[in-house]
Amino acid sequence: MVGDKQRVSIPVTPPTCLCTHSCASRPVNTDIALRTNTTDGTGGHFWVNVQTSNARLGTTFVDAPLNSHLQATARTSHAPALVRMHPTFEGACEVVSSLFF
């Protein structure tokens, strides 16, 4: 869904890729639940790309397995971006910004 909040659950084997793109000037709001199919429910490799332009971007990782690997990119231009990581997230993040009005 573009412009409306969507919830995405991904029950898959690694690696998994999720790409969400909107038309220009349309906001993206997503709740993403990462899932793995291992017997103990841990691990997994996930690549997530969320993108829009000239509009607000909001992404929340509502669930993620312990000991999983996540590479996420969230990109917009000329608007605020908000990304909330799940409490199981450990690691580094990089934030780059430009001026928006």
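A pocket is an open set of grid points with protein on both sides within 12 Å along at least five of seven lines. In this predicted model, the largest pocket holds about 890 Å³ of space.

**Figure 1. Lining of the largest pocket in the predicted model.**
The lining of the largest pocket is made up of 26 residues, and A74, V83, E94, V95 and V96 are the closest to the pocket centre. Strands β4, β5 (57–63), β6 (69–75) and β7 (81–84) each contribute at least two residues to this lining. The most comes from β6, which gives 5 residues. By residue class, the lining divides into 17 nonpolar, 7 polar and 2 charged residues.

**Figure 2. The second largest pocket and the residues at its centre.**
This pocket has a volume of about 230 Å³. Its lining has 13 residues, of which P65, S68, T88, F89 and E90 are the closest to the centre. The lining splits into 8 nonpolar residues, 4 polar residues and 1 charged residue.

**Figure 3. Overview of the protein chain, with 7 strands and 0 helices.**
Along the sequence the strands follow one another in the pattern β-β-β-β-β-β-β. The chain has 101 residues, and 32% of them count as buried. When contacts between residues at least 6 apart in sequence are considered, 63% join residues at least 24 apart. The exposed surface of the chain is about 6500 Å², and carbon and sulfur atoms supply 54% of this area.

**Figure 4. The largest nonpolar core, a set of 10 residues.**
The members of the core are L18, V28, I32, L34, F46, V48, V50, L57, F61 and A64. Strands β3 (28–36), β4 and β5 each supply at least two residues of this core. Two core members, V50 and L57, are shown with their contacts in the next two views.

**Figure 5. Surroundings of V50 in strand β4.**
Strand β4 covers residues 45–51, and V50 is part of this strand. V50 counts as buried because its relative accessibility is 2%, under the 20% limit for that class. Leaving out residues up to four places away in sequence, V50 touches T20, V28, T30, I32, L57, T59, T73, A74 and R75. Among these partners, V28, I32 and L57 also belong to the largest nonpolar core, and A74 is one of the residues closest to the centre of the largest pocket. The C-alpha atoms of V50 and C19 are 5.9 Å apart in space, while the two residues are 31 apart in sequence.

**Figure 6. Contacts of L57, a member of the largest nonpolar core.**
Neighbours within four places in sequence are left out of this view. The remaining contacts of L57 are V28, V50, Q51, T52, A74, R75, T76, P80, A81, L82 and V83. Both A74 and V83 are among the residues closest to the centre of the largest pocket. V28 and V50 belong to the same nonpolar core as L57.

**Figure 7. H86 and G91 in the segment after β7.**
H86 has a relative accessible area of 17% and is therefore buried, since buried means under 20%. Beyond residues up to four places away in sequence, H86 touches F61, V62, D63 and A64. Of these, F61 and A64 are members of the largest nonpolar core. G91, in contrast, is exposed, with a relative accessible area of 67%. The C-alpha atoms of G91 and L70 are separated by 9.5 Å, and these residues are 21 apart along the chain.

**Figure 8. N67 and H78, two loop residues with positive phi.**
N67 is not a glycine, yet its phi is positive, at about 60 degrees. This residue is found in the loop between β5 and β6. At 71% relative accessibility N67 counts as exposed, because the exposed class begins over 50%. H78 lies in the loop between β6 and β7. Phi of H78 is also a positive value, near 60 degrees, in a residue other than glycine. With a relative accessibility of 48%, H78 counts as partly exposed.

Key. Residues numbered from 1 in each chain as written. Predicted model: local features only at pLDDT ≥ 70, side-chain atom pairs only at ≥ 80, totals over all residues. Heavy atoms only, no water. Helix = DSSP H or I, 4+ residues; strand = E, 2+ residues; numbered from the N terminus. Buried < 20%, exposed > 50% of the residue type's maximum accessible area, 1.4 Å probe, protein only. Contact = heavy atoms within 4.5 Å. Areas by Shrake-Rupley, 256 points an atom, 1.4 Å probe, with all protein chains shown as cover. 1 Å grid on protein atoms, 1.4 Å probe; cavity = no way out; pocket = protein on both sides within 12 Å on 5 of 7 lines; lining within 4 Å. Points joined across faces, edges and corners; volume = space filled by probe spheres on them. Nonpolar A, V, L, I, M, F, W, Y, C, P; charged D, E, K, R; others polar. Core = buried A, V, L, I, M, F, W, Y, C linked by side-chain atoms within 4.5 Å.
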